[in-house]
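Subject: The model, plus what turned up in it

Hi,

Here is the structure I promised you, with my notes underneath. Could you read them with the model open beside you?

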Amino acid sequence: MRIMLDFEECLKDSPRFRATIEEVEGDVCELETKLDKLVKLCIGMIDAGKAYNAANKQFVNGIRELAQQSTKDEVIESSLTKFAESLQEMINYHTILFDQAQRSIKSQLQTFMKEDLRKFKDAKKQFDKVSEEKEAALTKNAQAPRNKQHEVEEATSILTATRKCFRHIVLDYVLQINVLQSKRRSEILKSMLSFMYAHLTFFHQGYDLFSELQPLMKQLGGQLDQLVVDAAKEKRDMELKHSTIQQKDFSNDDTKLEYNVDAENGIAMEGYLFKRASNAFKTWNRRWFSIQNNQLVYQKKFKDVPTVVVEDLRLCTVKHCEDIERRFCFEVVSPTKSCMMQADSEKLRQAWVKAVQNSIATAFREKGDDGEKLDRKSSTSTGSLDSSGEPREKSLKGDSALQKVMAIAGNTACCDCGQPDPRWASINLGITLCIQCSGIHRSLGVHFSKVRSLTLDTWEPELLKLMCELGNGVINQIYEARREELGARKPHPGDPRHEVEAYIKAKYVERRFVRRPSDDELKLKVVSLSKQEKRLSNNSEPLPPRAPPPTPTPKQRPASGASAAAGIEEVRRESLFGADELDSLFSYFDTSSKLRSIKSEDSGIQRSADGSREMLANNASTNSLNDTEAAVEAEAEAEAPSCCAEAEVCKEQVVFSEPKEYSPGLQLYWASCARSLPDMAQALAHGAEVNWINADDDKRTPLIMAVHGGSLVTCEFLLQNGAGVNQQDVHGRGPLHHATILGHTGQVCLFLKRGANQNAADIDDKTPLSIAVEAANADIVTLLRLAKMNDEMREAEGPYSQSGDETYQDIFQDFSQMASNDPDKLNRFQPYDSSKQ
C-alpha cells in the first residue's frame, strides 16, 4: 500500500494528518517485518541450495566412480562420463543461480532495510520528540497568567521557537516518508526482477545443455531396448543350457581334459593336480598346472606368476608311480630334479602322462619350425594392421576435440576472462570460453556468437580445422587492439557476472576495442591480399594433359542375398544413379582396394596461407579412375577442350581491378580468396557484411571467392558467420555452381550439408548436376544425386520425417572426413569449362 503525505497538511498538524502518520508508521513497521522474513527465508534457501549442491557433487562423483569401474563396458563408461559432465554443468549453473539470489534478494533488501528504513526511524524519533515539546509549549503558553508579563513573554517565545522547529522537522519527516514510499517499489521490483532473470538464465542454460545431450539420450534409448531384448534371449538360452546340463549323468565326475597343441592361448593342457613339496615334511598341495611353451608350470592363484617346474620338456621324462601310498601318482623327471604329482582319478593320470609325452615329442618335432612360426605370426600381425588402416585412421580422427583445440597457443585459458581449462567454444569466432562466459555469449544471440561444448558435442572435421586456424590469440589481437589504449580492464576469473557481461558486450557487440584502419591502411591491405592470391594461383603448376581413358571392362560384384525390400530400395536408387556414379561411390568404401590416387609432387594439393595442407585440389589423376568412371569421362571427352585450356579459364576468373572505393567488405572479399582467416576475421570486426557484393566483379560474394581460393576452412568460416549459401552472381551461379565448375568435391559436400539448392539454374539454364555430368565428374554427380535422393525420401516420409537416410548421412560424413584428412582421394577431376556451350 502506497500512502503519500501532503506538505501543506503536515503544517496544520490536523487530526487527519496524525491519523495518516499513524497509518504510515504501521505500514512501514509491517513492511520491515515482511522484508526481514523474506531475507531470512532467502538465506535459508541459499544454505539449502548449497547443501543440495554438495550432495549433488557427491552423487556426480559416485557416477564417475561407477564409470571408472565399468571401463570394460565402453557404452556404460562413455555414457556415464557424459552424464556426469552434464550434471556437473548443472551444479555450476545452480551455484551461479544461488550467488545471484544472494546478490539480488539478500544484499539489496538488507541494504534497503539498513539504510532507508533506519533513516525513517531516526526521523520518526525526532518527530515524536518535537511533537511532545510542542504540546508542552502550548500547555505552558495557555497557563501563563495575564498579570505576569514576563511569564507571558517567555511562554510566547518558547512556543514560537518550538513551532518553528516543529515545522522544520515535520517537513523533513514527511519528505522521508514520501521518499521511502516511492523507493520501496523500485527496490523490491528491482530485487525480484534480477532474481527472476537469474532463473531465466538458469533454465535457458539447462535447456541448451540437455538439448545438446538429447541425441545421445535417444541413441542410448534405442540401444537400451535392444539390450532388454538381448538379455531376455540370453536368459532363455541360459535356462535351456541349465536344464540340459541337469539331465546329464554325473556318475563319473572326472573333469574332461584334452591335449591341444594348437590352442590359441598356447596352453596345450591345464587342470588341478596335487604336488608333493620338496621339503622335509613332503606335504601335498593342490595347484593349477598347465603345459605351455614346452614348459610345465603351476600357480596357486590366477594372478600369481606361474612357477616353472620343468624349463624344457625335451630334457625330461614322465613315469607312473605305483610304489607310494597315494593313488594316481606320476613323476616328471629332469636332469636336475624330479616332481611328484597326483591326479584325482586314474583317467586323469593317464591323460596327464599322455599329454606330457606328446608335448615332449612335439617339442622335438617343432624345434626347427619355431623361426617360421614366428615369421608367420609377425606377417599376420602386420597384415592386420595394414588392412585395418581405415579404422585406425578413424580412431585418430575420434580424438577429443578438446585436446586438438587446446593445442593452439592461447586456447588453454578463456578468451575473455582468462579462466584456465575452458570447456566451451564460440565456433564462428574460433575461441575457447569458460562456462560463465559461454552463458554470456549465448545471451548475445547466434548472430554474434555460436557456443558449442568441447566435450559434449560432436565436431565435424572442417569445423575443428576452423577452430585450429584461429584461436584466442588471433581474435584478441583484433577485438582487444585498443583495450590498453582506452584503459579498459579485462575481467579476471571470479569477477562478478555483470562486470564480465559488460566487458563482453563492449568487446563483441559494440566492438569498442577494435582498431579501425585508415583509408591508406585499408587500401594497402586489400592490394596485399590480392597479390597474395595471385602468388598462390601462380604457385599451382599447370595441369598435365589428360591421358586417353582405358577401355571399360565390366565389373563383377558379389551376389547379394538381400531381401525383397532391399531389392525395391536398389531399384529406387538405380533410378537416380548410373553405373559410373555407383562405382565411384562404392570404390571409396572398399577397404580392400588400393589407394585411388597417386601422391606426387604434381598432385596439386593447395596449401593454406600458413603452409598447412588444404583439402581441395582441382587437378586430375588419371591412374585413379576405375573402369566405369573412365567410360563416363570418355562420353564427354569429345565435347571437352584440353585440360590446360580449362585451367586457364579457371585462372582468368579471379582478376584484381582498381575499385571505386576500399571498404572492409572488399578486404573480406580478397581475404576469402587468399585463404587468410585472420584477415577475414579482422574485416568482419571492422564491420564488413558477410554477404557483401562486389558490383565491379560480376556481383560475386566472399563465399564465391572462397570457392575460387580453394579452401574448405574459409568457406566454413563464412557459413558459420551467416554467409548465404545460395546467393548468386550476375551469371546466376551460386557457390555450389562454382564449386562444381572447379571440381572441388569437398566444397560441394559442405554446401549440400549447409542446405545449398542443387536445383538452381544459371542464366544458361544449367544446374550443378548438369555441369557435373557434362564434366564427367563422377564424384560430384554422386553427391548431388545422393542429396536429391535424400530430399525425395524426406518428402515421401512427410513433414515429421527425420534428418534423412542414414546411408546418406554416413556417406556425406565420410566425404567430409576425406576432404579434411585424406584429400588425395578426391584429386580425380579436371575443372569444368564454363565457356563451353
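A quick definition first: a salt bridge here is a side-chain nitrogen of Lys or Arg within 4 Å of a carboxyl oxygen of Asp or Glu. Keep in mind too that this is a predicted model.

By that definition, E480 and K490 make a salt bridge, with their closest N and O atoms 3.3 Å apart. The two sit ten residues apart, E480 in the loop between α11 (472–479) and α12 (483–486), and K490 in the loop between α12 and α13. E480 counts as buried because its relative accessible area is 12%, and the cut-off for buried is under 20%. This pair also belongs to something wider: salt bridges with shared partners join D416, E480, R483, E484, K490 and K507 into one network.

Another piece of that region is the salt bridge between D416 and K507, at 2.9 Å from N to O. D416 is in the loop between α8 (401–406) and β8 (424–426), while K507 is in helix α13 (residues 497–509), so the pair links parts of the chain that are 91 residues apart. How accessible is D416, buried or exposed? D416 is buried, at 0% relative accessibility, and K507 is buried at 0% as well.

Across the whole structure, the search gives 29 salt bridges. One more that I'd look at is R184 with D27, 2.7 Å from N to O. R184 lies in helix α4 and D27 in helix α2 (residues 15–69), so this salt bridge ties together parts that are 157 residues apart in sequence. R184 is buried, with 11% relative accessible area, and D27 is buried at 10%.

Helix α4 (residues 149–246) also holds M192. Together with L38 and M196, M192 makes a nonpolar surface patch of about 250 Å². M192 itself is partly exposed, with a relative accessible area of 32%.

Now for the cavities. There are two of 30 Å³ or more, and the largest has about 60 Å³ of space. Its lining consists of V725, N726, Q728, G734, P735, L736, H737, A756, N757 and A760. What is the make-up of that lining, in nonpolar, polar and charged residues? It divides into five nonpolar, five polar and no charged.

Some of those lining residues, including P735, L736 and H737, turn up again among the buried residues of helix α23. That helix covers residues 735–742, and eight of its eight residues are buried. The rest of the buried set is H738, A739, T740, I741 and L742. Just after α23 comes G743, with a positive phi of about 75°.

Last, some backbone angles to check. Most residues other than glycine have a negative phi. D698, though, has a positive phi near 60°, and K699 has a positive one near 55°. D698 is in the loop between α20 (677–685) and α21 (702–709), and K699 lies in that loop too. D698 is partly exposed, with a relative accessible area of 30%, and K699 is partly exposed at 45%.

That's the lot from me.

Cheers

Methods: Residues are numbered from 1 along each chain as its sequence is written. This is a predicted model: local features need pLDDT of at least 70, side-chain atom pairs count only at pLDDT 80 or more; totals for chains, interfaces and linings use all residues. Side-chain values use heavy atoms; hydrogens and water are left out. On a 1 Å grid over the protein atoms alone, a cavity is a set of points where a 1.4 Å probe fits but cannot get out, and a pocket is an open set with protein on both sides within 12 Å along at least five of seven lines; lining residues have an atom within 4 Å of a point. Grid points are joined across faces, edges and corners, and a volume is the space filled by probe spheres set on the points. Ala, Val, Leu, Ile, Met, Phe, Trp, Tyr, Cys and Pro count as nonpolar, Asp, Glu, Lys and Arg as charged, and the others, Gly among them, as polar. Patches are made of residues with over 30% relative accessible area and no salt bridge: like charges are joined within 9 Å, nonpolar side chains (Val, Leu, Ile, Met, Phe, Trp, Tyr) within 5 Å. Accessible areas come from the Shrake-Rupley method with a 1.4 Å probe; for residues, only the protein chains shown count as cover. Helices (H or I, at least four residues) and strands (E, at least two) are DSSP runs, numbered from the N terminus. Buried means under 20% relative accessible area, exposed over 50%, partly exposed in between (1.4 Å probe, protein chains only).
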